[in-house]
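Q: Please take a close look at one part of this structure. Then lead me from there to what lies around it.

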Number of protein chains: 2
Amino acid sequence: MSDQDIAVLSVATARTRTVPARHDLILEGDVPGPVFVMLEGWACRYKILPEGGRQIMAFLMPGDTCDIQTGSLEVMYHSIKTLTPARIATISPREMHELLENRTPIALALIRTQLVDEATLRAWIVSMGRRDSLARVAHLMCELFIRARNVGLVEDGELELPISQIVIADSLGLTPVHVNRVFRTLRKENAMRVDVGSLVITDPARLAVLAGFDDAYLHRRVIRTVASQ
Amino acid sequence: MSDQDIAVLSVATARTRTVPARHDLILEGDVPGPVFVMLEGWACRYKILPEGGRQIMAFLMPGDTCDIQTGSLEVMYHSIKTLTPARIATISPREMHELLENRTPIALALIRTQLVDEATLRAWIVSMGRRDSLARVAHLMCELFIRARNVGLVEDGELELPISQIVIADSLGLTPVHVNRVFRTLRKENAMRVDVGSLVITDPARLAVLAGFDDAYLHRRVIRTVASQ
DNA sequence: CGACGCGTTGATCAATTTCAATAAACGTGG
DNA sequence: CCACGTTTATTGAAATTGATCAACGCGTCG
């Protein structure tokens, strides 16, 4: 992207706002509005099923964008909720349209970030389909560690996730009680520390072994996204 | 897209080739080459795990495109294999680059198809995480029915899938044995017929009920893709 | 003809869920 | 600052879904 593209992007994301934890940014059934760019904090995409269960489909951390839907899908098929207090930038549909129409490099960057997102979704499907609960949890921990490291969230080789075990359960298709038992194992392996409302990854290498983690899928992935430019 | 855009696309996809069933179009670890566009036949994205299990992450049918990776991801994290004899068009990386750089409407169309693909991947995650085996199979049947109908593959209200139960099992994270038992139920419900190497969806409405199918997620989805233009 | 892949069924096994109960941490209003 | 309601973590025991193991029939293809 040219300096000018970056400048335009900076202007578009200049308007930020803060939202509290557990706040829905958009709900299933809503017509997609502005594009959100996470600047601080964590959020997730999720869907509530008729029987009451919740399935989380993605975690959003700083640098991630949500809802490029603009003009494409009529309504949201899932909701997005903050997991922590967050600061987000919003780009109006009009601005977004203008950006995509007249700034080819930005459109191409968006295509690349979508490819990365798709790769992540596919990796989740592999985990949910063919990995047992231990490998599943460990694999997710690895993914989050690497993504977080790419945006500078890892300190002293450790990552603190401001996330409850319930959230992990809802993202892996497991039960909170079972996730708890898995974390007990991971703790015994000295791979993690577990506190209320917070998980600390202390030994990602150990986790990678337990997960059978193919670091190729994220290690070499495109690090910079539209938002982090 | 303008007439000219469509003309350029037609030229780019004019060169077609046929491949037999069970033929790998690209393997995990390969450097992405040309973009494939399915014109006839079925294929799937899949990954083989160290322990030998296979997980299918997507079904590709006429109109779908594979591997826009060009210039973005260094290597493939999964493979793509034909399930039936197929005819495909290929667009060279050079052509693709040219298309994306100079044909904004085409790039925007690509963004939209990626959004649809992402929505499908998320729906799979929901199924794998929170639906039992019966709803899972039924939901997949609904998805395939609607996608196939959108590209004119449904005849007399029925869809014949040239797919084995093993393939279904590998896409849903189930066992072939168990999938077989589920199909027995679906057959009893008169929702499907089952032959060797072929599944026939006869009553999609019944399937939708069994699946708790939220037809919003695909019903209103963007039907036309880059390829079907 | 024979090997192989696929569908089918039965019997048993095991991973994960469900149910239940307790305790610790947190936020809120008084 | 405390009481109380709520959320989360934790553990045990029982129940269940789906996996695993095993066997057989059948059609296809070389």
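A: Strand β10 of chain B pairs with strand β11 (residues 198-201) of chain B in the antiparallel sense, over 4 bridges. Two strands count as paired if DSSP finds at least two bridges between them. Strands are DSSP runs of E with at least two residues, helices are runs of H or I with at least four, and both are numbered from the N terminus. Within this pair, B:Val194 faces B:Leu199 of β11(B).

This is a predicted model, where local features need pLDDT of at least 70, side-chain atom pairs count only at pLDDT 80 or more, and totals for chains, interfaces and linings use all residues. Residues are numbered from 1 along each chain as its sequence is written, chains are lettered from A and ligands numbered from 1 in the order in which they are written, and side-chain values use heavy atoms, with hydrogens and water left out.

The pair belongs to an open sheet of 3 strands in chain B, ordered β9-β11-β10 with antiparallel pairing. β9 (159-161) and β10 (192-195) of chain B are the edges: each has a single partner strand, so one side of each has no neighbour in the sheet. From one strand to the next, the twist averages 15°. In a regular strand, side chains alternate between the two faces of the sheet.

A helix lies across this sheet. α6(B) crosses β10 and β11 of chain B, at about 130° to β10(B). Contact here means heavy atoms within 4.5 Å. Angles run from 0 to 180 degrees between N-to-C directions, with axes as lines fitted to C-alpha atoms, for helices over the stretch in contact.

The helix also leads to the DNA. α6(B) gives the most to the surface near DNA strand C, with 5 residues. A residue is near a molecule or strand if one of its heavy atoms lies within 4 Å of it. In total, 21 residues surround DNA strand C, and the closest are A:Ser133, A:Val177, B:Arg22, B:Gln165 and B:Asn180. Of the strand's atoms within 4 Å of the protein, 73% belong to sugar or phosphate and the rest to bases.

Polar contacts are pairs of N or O atoms within 3.5 Å; within protein, one must be able to donate a hydrogen and the other to accept it, and residues adjacent in sequence count only if both atoms are side-chain atoms. On DNA strand C, a polar side-chain atom of B:Arg184 lies 3.5 Å from a phosphate oxygen. A backbone N or O atom of A:Gly173 lies 3.4 Å from a phosphate oxygen of DNA strand C. A polar side-chain atom of A:Thr175 is 3.1 Å from a sugar or linking oxygen of DNA strand C. The elements giving two or more residues to this surface are α6 of chain A, with α5 (165-172) and α6 of chain B. By class, the surface near DNA strand C divides into 7 nonpolar, 8 polar and 6 charged residues. Ala, Val, Leu, Ile, Met, Phe, Trp, Tyr, Cys and Pro count as nonpolar, Asp, Glu, Lys and Arg as charged, and the others, Gly among them, as polar.

Now DNA strand D. Here 20 residues surround the strand, and the closest are A:Arg22, A:Gln165, A:Asn180, A:Arg187 and B:Ser133. Sugar or phosphate makes up 77% of the atoms of DNA strand D within 4 Å of the protein, and bases the rest. A polar side-chain atom of A:Arg181 lies 3.2 Å from a base nitrogen of DNA strand D. A backbone N or O atom of B:Ser133 is 2.9 Å from a phosphate oxygen of DNA strand D. A polar backbone atom of B:Thr175 lies 3.3 Å from a phosphate oxygen of DNA strand D. α5 (165-172) and α6 (176-188) of chain A, together with α6 (176-188) of chain B, each give two or more residues to this surface. α6(A) gives the most to the surface near DNA strand D, with 5 residues.

Chain B has another open sheet, of 4 strands, in the order β2-β7-β4-β5 with antiparallel pairing. Its edge strands are β2 (24-26) and β5 (54-60) of chain B, each pairing on one side only. Neighbouring strands of this sheet are turned by 30° on average, direction ignored. β4 (residues 43-48) and β7 (residues 79-82) of chain B are antiparallel partners over 4 bridges. B:Cys44 has B:Lys81 of β7(B) as its bridge partner. Helix α3 (residues 104-130) of chain A lies across β4 and β5 of chain B, at about 130° to β5(B).
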